[in-house]
Amino acid sequence: MWPVVAVLGTIALATSAAPVPAPLPPSSVADSLAAPPPVAALLQRACYDCHSEQSRWPWYARVAPVSWLLARDVREGRKQVNFSRWNTYSPTTRRHKLQWMGRVIRNGSMPPLLYRVVHRDARLSANERAMLERWIAVEIAKTS
Ligand code: HEC
């Protein structure tokens, strides 16, 4: 037992100084994704921790091995969809990402289950899903 605690403690200390990426100033995010305020607020609440450069890092994000899992989620999430870089995507790329978003909203795979368990406010109601789907349809129409 104690050796395990000691090892975990050492890992936690060794990684507690791991650099957490600094968030971008909020204005650049608002500029990047020109969504109506209710849609923007919803995405910020439920998606931005992993799909933007505005991740709110909880204190346990600094403690290994949780820190590794979170960092991986955020790295992978941003790679797929990064709302902070939305205005750098070409219309075709945007369309693809919007189509993926429609799919994950419909099949309920995002936000990931574990995240929904920890962050109760990230759960989407039926109305909120409908609002996102309408916005996605409008945005897809703009790209063609
Ligand atoms: C806890 C972190 C986290 C949150 C919060 C989160 N995602 Fe993700 N998302 C990921 C990760 C990791 C991936 C890449 C791996 C995968 O596909 O599971 C991903 C992939 C995606 C993809 C592309 C791949 C696919 O599965 O089609 C879309 C689209 C997406 N997320 C949309 C969203 C939306 C919309 C929200 C908010 C409603 C959201 N995500 C919230 C972590 C997150």
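Biologist: In this predicted model, where is Pro 65 found?
Modeller: Pro 65 is joined to Ala 64 by a cis peptide bond, with omega about 5°. Most peptide bonds are trans. As for its place in the predicted chain, Pro 65 is found in the loop between H4 and H5.

Biologist: Which peptide bond is cis with omega near -10°?
Modeller: The proline to look at here is Pro 111, which lies in the loop between H6 and helix H7, residues 113-118. With omega near -10°, the cis bond is the one from Met 110 to Pro 111.

Biologist: Which residues come nearest to the ligand?
Modeller: The shell around the ligand has 11 nonpolar, 3 polar and 4 charged residues, and Met 110 is one of those that come nearest. Of the 18 residues around the ligand, the nearest are Cys 47, Cys 50, Gly 77, Trp 100 and Met 110.

Biologist: Which helices each supply at least two residues of the shell around the ligand?
Modeller: To answer this, we look at the helices whose residues take part in the shell around the ligand. Those that each supply at least two residues are H4 (48-51), H5 (66-80) and H6 (91-107).

Biologist: Which helix gives the largest share of the largest nonpolar core?
Modeller: Nonpolar side chains tend to be buried together in soluble globular proteins. The largest nonpolar core has 15 residues, and Leu 42, Leu 43, Ala 46, Cys 47, Tyr 48 and Phe 83 touch the most other members. Helices H3 (37-46), H4, H5, H6 and H8 (126-143) each supply at least two residues of this core. The largest share, 3 residues, comes from H3.

Biologist: Which residues does Leu 43 touch, not counting those up to four places away in sequence?
Modeller: Leu 43 is among the core residues that touch the most other members. Once residues up to four places away in sequence are set aside, the contacts of Leu 43 are Ala 35, Tyr 48 and Phe 83.

Biologist: How far apart are the end C-alpha atoms of H8?
Modeller: H8 has 18 residues, and at 1.5 Å a residue they should span 26 Å. The model agrees with this expectation, because the end C-alpha atoms of H8 are apart by 26 Å.

Biologist: Against which helices do the buried residues of H8 pack?
Modeller: Leu 132, Trp 135 and Glu 139 are buried in H8, and because they cover an arc of only 65° around the axis, they are on the same side of H8. The face turned away from that buried side carries exposed residues, including Asn 127 and Arg 134. The buried residues of H8 pack against H3 and H6.

How values were computed:
Residues are numbered from 1 along each chain as its sequence is written. This is a predicted model: local features need pLDDT of at least 70, side-chain atom pairs count only at pLDDT 80 or more; totals for chains, interfaces and linings use all residues. A residue is near a molecule or strand if its C-beta atom, placed from the backbone, lies within 6 Å of it. Helices (H or I, at least four residues) and strands (E, at least two) are DSSP runs, numbered from the N terminus. Ala, Val, Leu, Ile, Met, Phe, Trp, Tyr, Cys and Pro count as nonpolar, Asp, Glu, Lys and Arg as charged, and the others, Gly among them, as polar. A nonpolar core is a set of buried Ala, Val, Leu, Ile, Met, Phe, Trp, Tyr and Cys residues joined through C-beta atoms within 7 Å. A residue is buried if 20 or more other C-beta atoms lie within 10 Å of its own, exposed if 12 or fewer, and partly exposed in between; C-beta atoms are placed from the backbone. Two residues are in contact if their C-beta atoms, placed from the backbone, lie within 7 Å. The expected span of a helix is 1.5 Å times one less than its number of residues. The arc is that of the directions from the helix axis to the C-beta atoms.
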